[in-house]
Amino acid sequence: MTWSFLAPESHLLLTMSVVVLLGALAVVVPTLVALRRRTSTDALVWADQVRRDPAAAWAVDRVLRGIEASCVGAGVLFPGAVRITIGATVRIDVASPTIAPPAPWTATPDGRTWSAPMWALQTVPLVGGAPAEFATAVSLGTRQDETVVVDLRRVGGIVALRGEGAARQALLVRLVEQLATAPWAVGTSVLEVGSPVGVGTPVTVHEAIAAVTADATPGLLVVSRVPSGADGRELARLLERPGGRWACVAAAPHPLARWTLEARRDGTHVSDELGTLQWAALGRSVPADPAAPVDAALPADVREQA
């Protein structure tokens with residue numbers, strides 16, 4: 001039959017086609033959304049039951065100690081690391097460009113990145129104990145066969161999290177747990193404002209600012225949200241000081257944040273600085289209770305912020 005505006009049969013055929021299409025969409029779209037949501041939720045719940053591999057911390061510690069030992073052996077002052085990517089090749093995004101690194105490192109022409117084969121770094125004789133240089137360094141996730149470590153204080157400002165509350169909580173817990181258990185972070189203070197994790201020492205905003213101002217020991221400040229007004233601006237200013245030993249992670253996004261990581265329920269986080277990393281691969285020091293609701297950890301007003 002040839003369709004025509006003048007033929008009633010054509011109008012009926014068109015109407016029936018539209019009805020069938022709308023009916024199909026009414027079934028397919030909710031199904032796809034439900035499947036995606038269920039997959040995301042299951043991924044989050046599964047990830048929180050995974051125990052961290054004890055060997056992972058040992059491997060990172062060996063790399064950090066190798067970095068320090070290579071510099072000490074050559075009499076080179078280490079310029080600090082913002083990011084360290086650990087795989088078959090170890091790459092360091094240094095805080096200050098340096099074109100003459102010690103062996104076994106080679107530098108890019110601009111001096112911003114050092115690299116060395118893992119096998120070569122493992123032959124460097126270690127010196128002393130855990131390096132104090134990396135007191136606020138944490139693994140932020142994995143990409144393929146590489147682990148990405150960030151020294152939070154070298155970010156030079158606040159690191160904020162955004163995304164769904166349960167995913168932010170999962171990532172935040174992993175960061176704080178590392179500083180509580182990592183051999184290179186012994187002596188690192190963890191203070192909390194608003195108890196977003198419940199692991200560190202609870203303090204007021206003014207007590208937190210006083211600790212960062214004193215800068216007496218390395219430390220991590222974890223806040224439910226960046227303080228408003230003058231307190232927030234002062235905290236950001238203090239964290240931007242060259243040579244400061246404190247870092248700050250906020251459980252909610254804020255315009256004053258230097259980096260913002262979008263945590264996702266599928267076990268990844270995304271940012272301009274790091275790209276896409278798998279936070280779920282980090283595991284938990286103590287796996288969470290599977291019966292606990294995954295969305296109840298952060299305060300309600302923080303969970304609502306994206």
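**Exercise 1. Strand 11: which residues cover its two faces?**

Task: In this predicted model, assign the residues of strand 11 to its two sides and state whether they are buried or exposed.

Solution.
- Step 1. In a regular strand, side chains alternate between the two faces of the sheet.
- Step 2. Trp246, Cys248 and Ala250 lie on one side of strand 11. Ala247 and Val249 lie on the other.
- Step 3. Buried means under 20% relative accessible area. Cys248 has 1% relative accessibility, so Cys248 counts as buried.
- Step 4. The other four named residues are buried as well, and both faces are covered.
- Step 5. With 5 of the 5 residues in 246-250 buried, strand 11 is therefore largely enclosed by the rest of the structure.

**Exercise 2. Neighbours of strand 11**

Task: Find which strands pair with strand 11, and in which sense.

Solution.
- Step 1. Take strand 7, residues 158-163. It runs parallel to strand 11, and 3 bridges join the two. Val159 stands opposite Val249 here.
- Step 2. Take strand 10, residues 219-223. It pairs with strand 11 over 5 bridges, again in the parallel sense. Val223 has Ala250 as its bridge partner.
- Step 3. Trace the path from strand 10 to strand 11. Helix 6, residues 229-239, belongs to this unit. Strand 10, helix 6 and strand 11 form a β-α-β unit, and its hand is right.

**Exercise 3. Cysteines**

Task: State how many disulfides the structure holds, then classify Cys71 as buried or exposed.

Solution.
- Step 1. The disulfide count is 0.
- Step 2. Cys71 has 2% relative accessibility, so Cys71 counts as buried.

**Exercise 4. Salt bridges**

Task: Locate three of the 10 salt bridges and say which parts each ties together.

Solution.
- Step 1. Arg83 pairs with Asp93, with the closest N and O atoms 2.6 Å apart. Arg83 lies in strand 1 (residues 81-86) and Asp93 in strand 2 (residues 89-94), so the pair links parts 10 residues apart in sequence. Arg83 is partly exposed at 24%.
- Step 2. Glu146 and Arg91 meet at 3.2 Å, N to O. Glu146 sits in strand 6 and Arg91 in strand 2, so this pair ties together parts 55 residues apart in sequence. Arg91 is partly exposed, at 31%.
- Step 3. Arg154 and Glu133 meet at 2.8 Å, N to O. Arg154 lies in the loop between strand 6 and strand 7, and Glu133 in the loop between helix 3 and strand 5, so the tied parts are 21 residues apart in sequence.
- Step 4. Extend the last pair. Shared partners join Glu133, Asp151, Arg153 and Arg154 into one salt-bridge network.

Notes: Residues are numbered from 1 along each chain as its sequence is written. This is a predicted model: local features need pLDDT of at least 70, side-chain atom pairs count only at pLDDT 80 or more; totals for chains, interfaces and linings use all residues. Side-chain values use heavy atoms; hydrogens and water are left out. Buried means under 20% relative accessible area, exposed over 50%, partly exposed in between (1.4 Å probe, protein chains only). Two strands pair if DSSP finds at least two bridges between them. A crossover is right-handed if, with the strands pointing away from the viewer, the path from the first strand over the helix to the second runs clockwise. A disulfide is a pair of cysteine sulfur atoms within 2.5 Å. A salt bridge is a side-chain nitrogen of Lys or Arg within 4 Å of a carboxyl oxygen of Asp or Glu.
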